[in-house]
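Reader: Could you take me on a close look at the inside of this protein? I would like to hear about any enclosed space and what surrounds it.

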Amino acid sequence: MPREKAFLDTRVIIDKTIELIEAEGYERFSTRRLAAALGSSVMTLYNYYENREAILREALLGCFENLLAGIEARLEPYLSGERGSPLRAYVALGELLRAFSLERPRIYAFLFEANLVPLRTDPRIAAVYGYTYGRIEALLRDPARSGELHDRIYLFQVLMNSLVKNAARGRGGIDPARFEALLAEAYSALLAPYEGLVAP
């Protein structure tokens, strides 16, 4: 009987997980498919990760980190106040997520649409997911209003994610111009009134 394949770097497992999700979608992902793609066995995978959820948690973190690495520099001019209020970073984030959802729809669905709430409680994932808000919170002129602003940002993100999802799926006639107009309208209603609360 041949010896089981050993992995010197578990990143190989996570990279293949992300590759499979991008190719086939999160719904079709299984440890059996992953093991086959790696030329290994499911039991070998469990020598490195406790279960399927542990593999998905690391893949989710890897996807979020890759996404953040790709947009962090593009958000910086907003977060530093170079382009007006740092809150405008959320409009830029919406536009970047829309582009990402069109370029990598299955990874976008994995990050933002899949029912992975238990996996998102991992503090490392929460920190990456909350990167923009963490930067904004550090700039608050009145920290006592943090909860109020957080609620407004949450509402904006819910609307933004809905717009991105509908635009990516071609629903509601949301072409690029309509997307930008609706995003600007959501910003005006929810975040623009708080611009003075955040120091540029």
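Author: Happily; what follows is a walk through the enclosed space, then an aromatic pair and a patch on the surface. Please keep in mind that this is a predicted model.

Let us begin with the method's basic idea. Rolling a probe the size of a water molecule over the atoms shows where empty space is left. With a cut-off of 30 Å³ or more, the count here comes to one cavity. The volume of this largest cavity is about 190 Å³.

Who lines it? The lining is made up of 14 residues, and those nearest the centre of the cavity are Leu67, Leu93, Phe112, Val128 and Tyr129. Five helices each give two or more residues to this lining: H4 (52-79), H5 (89-103), H8 (123-129), H9 (131-137) and H10 (146-168). Helix H4 gives the most, with four residues. In chemical terms, the lining holds 11 nonpolar and three polar residues, while charged residues are absent.

Phe112, one of the residues nearest the cavity centre, also brings us to the aromatic contacts. The structure has five aromatic pairs. In one of them, the ring centres of Phe64 and Phe112 are 5.8 Å apart and the planes stand at 90°, so this pair counts as edge-to-face. Because Phe64 belongs to helix H4 and Phe112 to helix H6 (residues 105-112), the pair ties together parts 48 residues apart in sequence.

Finally, a look at the outside. Tyr154, a residue of helix H10, joins Leu155 and Val158 in a nonpolar surface patch of about 290 Å². Helix H10 is also among the elements that give two or more residues to the cavity lining.

Note on methods:
Residues are numbered from 1 along each chain as its sequence is written. This is a predicted model: local features need pLDDT of at least 70, side-chain atom pairs count only at pLDDT 80 or more; totals for chains, interfaces and linings use all residues. Side-chain values use heavy atoms; hydrogens and water are left out. On a 1 Å grid over the protein atoms alone, a cavity is a set of points where a 1.4 Å probe fits but cannot get out, and a pocket is an open set with protein on both sides within 12 Å along at least five of seven lines; lining residues have an atom within 4 Å of a point. Grid points are joined across faces, edges and corners, and a volume is the space filled by probe spheres set on the points. Ala, Val, Leu, Ile, Met, Phe, Trp, Tyr, Cys and Pro count as nonpolar, Asp, Glu, Lys and Arg as charged, and the others, Gly among them, as polar. Patches are made of residues with over 30% relative accessible area and no salt bridge: like charges are joined within 9 Å, nonpolar side chains (Val, Leu, Ile, Met, Phe, Trp, Tyr) within 5 Å. Accessible areas come from the Shrake-Rupley method with a 1.4 Å probe; for residues, only the protein chains shown count as cover. A salt bridge is a side-chain nitrogen of Lys or Arg within 4 Å of a carboxyl oxygen of Asp or Glu. Rings of Phe, Tyr and Trp (its six-membered ring) pair if their centres lie within 6.5 Å; planes under 30 degrees apart count as stacked, over 60 as edge-to-face and the rest as tilted.
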